[in-house]
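Please examine the structure shown below alongside its sequence. The paragraphs that follow lead through a few of its features in turn.

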Amino acid sequence: MEQQHERDGGGPPRTAGGPPPSRPGAPTWRGGPRAWREGPPWWRQGPPWMRFGDAAARRLPWLTTALLTLFVQVGTTFAAHGQSDRATPDGFARALLLAGTAALLMRHRHPVLVAYFTAGTAMVYLGAGYPYGPVLITVAVGCFAAVVAGHRYAAWGAVGMLWAGHLLVAHWLYAHLPPSGDGASSWGGEVVIAVWVVAIAAVSELARTRREQWAKERAEREVAAQRRADEERLRMARELHDVLAHSISVINVQAGVGLALLDSDPEQARTALTTIKAASKEALGEVRQVLDTLRAPGAAPRAPAPGLDRLPELVEQARSTGLTVTVTTEGRRAALPPGADLAAFRIVQEALTNVVRHSESRTATVLVHRAPDAVTLRVDDDGPATGAEAGGSGNGLAGMRERAAALGGTIEAGPRPDGGFRVTAVLPTRTAPEENQ
């Protein structure tokens, strides 16, 4: 037997919690200052020349190495014209330059070895009296790769080795090395080299820091994407559980009635079979809707999601199992947000399913209290639990709590002091205003 009571006044059985915090959507490149800070999506993992990960280590940098080789060879020719006091680059000088730039092919796979090798070839090149110039670029690139790969001490060691060798040659061994008649270098020139070393170190450390930041952001995005996928799977599992648990409970009860009355009351058995057919058809429709969402993510559902306006259907289905449900509605009727409306329907559905499956009571009461900022649901039954199935698997209560928590609401479920069982849910219906950007 069903009763509908409408009252505009009266406080809710339990006070509602505060409104849930707003959840602003993910920014796009076209909207919001955060998008402009992060840059376009293709840049947020770092520029292509800074991605020294496993994939970069597997690929040899042929193009950049070839360009560097060409630049060093041609640039050294032009540098020699302005340094008449240095030895003219010959075949040995070209071989040293080629060896230094060729080693850069392996700078992502073996950054420490490449840093020391390029510093060694440059030291031999300068010790042989050849002109200063692009040869130092090979050392800069090799040490840069070492610092970015996390080997800053190795890079500093390679630069220190080159600097120490240059000091030794330029100020003490110059008389014994080509070109003939060469004098000691000025100490002022060492300041220029020191500035060059500091500049390499600063740029390399900045690149390493940015690379670590990009790697951290990429890992955070992957974790967030995995979390969203897990939440979506959980939501789908919760929907399927609520649909199937309710419908199969109705089918199970009606199948038992049909079997018991098949011989003594065929007409009543026919009614039970009709109820089974209707419940299975409805369950198939809802399951198909959930699966369609999985097959086409983001597609609009073909049928509207159920809400509290379908409570009479739940009451009729419960009545077909022998359970009498009384529904009382308090407060002013108003359209609920879709998420809250669906959660409210599923919570009442699961609570009634638990009464059918796990309680010996044949009556249940449902209270729906609508407040301006929340809807409160309370489902009571006054019967003891059935011994073998008391409490069930716990998935139903867990699903109800997850639905409420997703909206910032609460669920309380447990035995009543005077006997029976009570489920109380408070679901916020008013979201906080969006923050100004």
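Helix α5 is followed by G129, a residue whose phi is positive, near 90°. The model discussed here is a predicted one, and this helix is a convenient place to begin.

Helix α5 covers residues 111-127, which is 17 residues. From its first C-alpha to its last it reaches 24 Å, close to the 24 Å expected at 1.5 Å a residue. Which residues of α5 are buried? They are P111, V114, A115, T118, A119, G120, T121, A122, Y125, L126 and G127. A general point helps in reading such a list. An α-helix has 3.6 residues a turn, so residues three or four places apart point the same way.

A second helix, α3, spans residues 62-81 and contains V74. On the surface, V74 forms a nonpolar patch together with L70 and F78. The accessible area of these three residues together is about 320 Å². Is V74 buried, partly exposed or exposed? The relative accessible area of V74 is 38%. Because this value lies between the 20% limit for buried residues and the 50% limit for exposed ones, V74 is classed as partly exposed.

The next topic is charge. Side chains of opposite charge can pair when their charged atoms come close. How many salt bridges does the structure hold? There are six salt bridges in the structure. One of them joins the side chains of E313 and R310, with an N to O distance of 3.2 Å. E313 has a relative accessibility of 37% and therefore counts as partly exposed.

Another salt bridge links D380 with R378, and the closest N and O atoms of this pair are 3.3 Å apart. The two partners can be compared by their accessibility. D380, at 4% relative accessibility, counts as buried, whereas R378, at 23%, is partly exposed.

R416 and D418 also form a salt bridge, in which the closest N and O atoms are 3.6 Å apart. R416 has a relative accessible area of 18% and is therefore buried, while D418, with 64%, is exposed. These pairs belong to a wider arrangement: salt bridges that share partners join R378, D380, R416, D418 and R422 into one network. Within this network, the buried residues include D380 and R416, and D418 is an exposed member.

Note on methods. Residues numbered from 1 in each chain as written. Predicted model: local features only at pLDDT ≥ 70, side-chain atom pairs only at ≥ 80, totals over all residues. Heavy atoms only, no water. Patch = residues over 30% accessible without salt bridge, like charges linked within 9 Å, V, L, I, M, F, W, Y side chains within 5 Å. Areas by Shrake-Rupley, 256 points an atom, 1.4 Å probe, with all protein chains shown as cover. Salt bridge = Lys/Arg side-chain N within 4 Å of Asp/Glu carboxyl O. Helix = DSSP H or I, 4+ residues; strand = E, 2+ residues; numbered from the N terminus. Buried < 20%, exposed > 50% of the residue type's maximum accessible area, 1.4 Å probe, protein only. Expected span 1.5 Å × (residues − 1).
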